Amino acid sequence: MAANSALAALEHRVAADLHAIRFPDREWVIPTTGPDGTHAYDVVIVGAGHCGLTVAFALRRRGITNIQVLEAREAGAQGPWTTYGRMLTLRSPKHFNGPDLDIPSLTCEAWYTARYGADQWNSLHKIPKDHWQEYLLWFRRVAGIPAAYQTKLTHLNPGSDSQHLAIHGPTGPDHLYARKVVFATGAEGSGGWTVPDVVRNSVPATHYTQVADPVDFAALRGKRIGVLGGGASAYDNAATALEHGAARVDLFFRRPDLHRINPHKWTEFSGFLDHFRDLPDHWRWKFMRHVLPLNEPPPPDTFQRATQHPNFTLWLGSTWDNINFHDGQVDVTSNGRHHYFDHLLIAVGLTQDLRLKSELADIEPHIARWADMYIPPHGEEHDGLAKFPYLGTYFEYTERTPGAAPYLADIYNFTAAATVSHGPSGASINGMKQAANRLADGISKSFFERAVNDHYNSLLEFDHMELDVPWPPTSSDDVSAKTDEAHVSNPPTGMLSR
C-alpha cells in the first residue's frame, strides 16, 4: 500500500511538472490528409522500446502531438528485456537517464524510489531489466504517448506528401498514412542477426539457435552446449543454460585474449554525445573505425555469472574451422581439436544490411550507405562500417543518387545503424536524450519550414485584441473608470509604455 501511495504521489508530481512546463506545447503543425482524404499522422514511430518512446516524448514536448507509435509485440514485451535479452540487469550505470529528457520526476530513479523505496535504489548496482521494462510502461502512460501494440509494419510505400504504411494489427491487415516515419527498432532494426555459413550449412536447424531467437533452455538440461561469440550476450546465454542445468557449456572466442577495454565508455560525455554528429566525415569515420570493431567486453558481473560454474570452459583464440553432424551430435573442429555438443548457441552479433528488411524493399535501393559517400584513406578501410546507412543531420536517410528519392528526407533511422553517422544514439541509453532531441528538432524544423507561407499568412490574419481599452477617453469619468480597470496611465513625455 505504501508503494502505491508513493507512486500516486509521484504521478501527481509528474502532472504538476508537466503543467509547469506547459506540456505539451500548443499544437501548431497544420493538419493534412492522406491521398484518399483520410486521416494522416504527422509522425509514425515504429518501435515502442525506450528509443521510440523517447522520440515520441521529445516530439510532444515540441507541440507535435498527431503521432502514433507502432509496436509489433504485445505491451510489456517490446525491446529485448523480456525476449532475447538474457542479462539480469541493464549494462548502463543506474544514473544514466534517457526517456525523461531531464525532467526529474520522470526519471527511472524517481519511479524506482517510489515503487521500491530509497534504500533499495541506493543499494542498487544496476537496474534489473524487468524493472526497466516496468518503468518504460509507466513512463509511456504518464507521458501520454499513444501506442498500438501487436501491430507490425509490413511495407512502406513512399510518397511525396505522405508515406503509405501497410500494417498488420490484432484484427488483421490495415493501412495508415504518415507525413514522416521514424524507425526506432533497436539493435536489429537495420539488418539481421548472423549465423555463420559453417553452422548453417552443416547443422540441422533443430540443433542450433541464434540467441536473438527464442531458446528453450529447459530442453537444454543435461546437454552439452557450444557457444560461439565473445560479447556479453554470449556469456549471458551460457550462464542461462548452466542455470537451467546444462551438463557443460564451452564458449569459443576468436580473440587470443580477453577483451578488457570498453571504448564505448570513453564516449559517455556531453561533448562527444552532443557534437560527434557535427564532425566532418573523416573524423566520424576515424572515431567509429576505432570504437565499433573493438565491441564491448562483457561487464564483470556478466563474466562472473558464467565463469563461476565449474562446468563452463572458455576457449580463447578459437574459431570453428569445420563442423560435422552425425548420430544426433555436433562435431566442432577448432584449432585441430574435436568438441562434441548436443546443441549450439550462436552469439556473433548483427550485420547491417537494409536489404534484410522486407518492409523497406521499395526504398532500400535508393538509400545511401557510407560506402557510397566516403572513401577512407588507405589502411582505414572497414567493410562492416561501409555498410551502415549514411544519415543526414537529423537521422534522415539520404539519397544514393541525388534527386532520385527526395521522400527519404521524411524517413528516419533511429536504430543501432545510426551509430557511424551519429555516435551512440538509436539503441543505447547513454546517448539517447541528446539524439532524440536532435531528431525531434529536425522534424519540427521541417514542418515549420515547409509551412512557412501558411504561418506567415496566419500572422497577418492574427487579430486577437490584447489591449481592449478605448483611447483617448471621451470624458473625465471614463478616464477614471478605464484607468482603474486596465491599469493604464499616460506615459511620460518621450517614452512609450508597454
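**Figure 1. Helices α2 and α5 packed against each other in a predicted model.** In this close-up, the axes of helix α2 (residues 50-61) and helix α5 (residues 129-142) come within 11 Å and cross at roughly 25°; axes are lines fitted to C-alpha atoms, for helices over the stretch in contact, and angles run from 0 to 180 degrees between N-to-C directions. That angle makes α2 roughly parallel to α5, given that angles under 35 degrees count as roughly parallel, over 145 as roughly antiparallel, 65 to 115 as roughly perpendicular and the rest as oblique. Helices (H or I, at least four residues) and strands (E, at least two) are DSSP runs, numbered from the N terminus. Across the interface, His50, Leu53 and Phe57 of α2 meet Trp132, Leu136, Phe139 and Arg140 of α5, where contact means heavy atoms within 4.5 Å. Sorted by class, this contact has five nonpolar, one polar and one charged residues; Ala, Val, Leu, Ile, Met, Phe, Trp, Tyr, Cys and Pro count as nonpolar, Asp, Glu, Lys and Arg as charged, and the others, Gly among them, as polar.

Residues are numbered from 1 along each chain as its sequence is written, and side-chain values use heavy atoms, with hydrogens and water left out. Because the model is predicted, local features need pLDDT of at least 70 and side-chain atom pairs count only at pLDDT 80 or more, whereas totals for chains, interfaces and linings use all residues.

**Figure 2. Helices α3 and α5 packed at an angle of about 105°.** The axes of helix α3 (residues 108-116) and helix α5 are 10 Å apart, and the angle between them makes α3 roughly perpendicular to α5. From α3, the residues Cys108, Trp111, Tyr112, Arg115 and Tyr116 meet His131, Trp132, Glu134, Tyr135 and Trp138 of α5. By class, the contact of α3 with α5 has seven nonpolar, one polar and two charged residues.

**Figure 3. Trp138 and the nonpolar cores.** A nonpolar core is a set of buried Ala, Val, Leu, Ile, Met, Phe, Trp, Tyr and Cys residues joined through side-chain atoms within 4.5 Å, and buried means under 20% relative accessible area, exposed over 50%, partly exposed in between (1.4 Å probe, protein chains only). The largest such core has 80 residues, of which Phe57, Trp138 and Phe414 touch the most other members. When residues up to four places away in sequence are not counted, Trp138 touches Leu7, Leu10, Glu11, Val14, Ser105, Leu106 and Trp111. A second, separate core of 20 residues includes Phe217, Ile225, Tyr235 and Phe312.

**Figure 4. Ala184 in the loop between strands β6 (172-183) and β7 (191-193).** With a relative accessible area of 6%, Ala184 is buried. Although Ala184 and Ala48 are 136 residues apart in sequence, their C-alpha atoms are 7.6 Å apart in space. Leaving aside neighbours within four places in sequence, Ala184 is in contact with Ile45, Val46, Gly47, Cys51, Gly52 and Phe414.

**Figure 5. Three glutamines and their surroundings.** Gln352 is found in strand β16 (residues 350-352) and is buried, with a relative accessible area of 11%; not counting residues up to four places away in sequence, Gln352 touches Ala187, Ser190, Gly191, Lys387, Phe388 and Ala417. Gln434, placed in helix α15 (residues 432-450), also counts as buried at 17% relative accessibility, and under that sequence limit of four places Gln434 touches Leu273 and Asp274. Gln329 is found in strand β13 (residues 329-334), and the C-alpha atoms of Gln329 and Val203, 126 residues apart along the chain, are separated by 9.2 Å. Leaving aside neighbours within four places in sequence, Gln329 is in contact with Arg224, Asn324, Tyr340 and Phe341.

**Figure 6. Backbone details in three loops.** Most residues other than glycine have a negative phi, and most peptide bonds are trans. In the loop between α1 (2-20) and β1 (40-46), where Pro24 is placed, a cis peptide bond joins Phe23 and Pro24, with omega about -10°. Arg22, found in the loop between α1 and β1, has a positive phi near 55° and counts as exposed at 52% relative accessibility. Another cis peptide bond joins Trp471 and Pro472, with omega about 0°, and Pro472 is found in the loop between α16 (452-461) and α17 (476-486). Asn335, which lies in the loop between β13 and β14 (337-341), has a positive phi near 55°.
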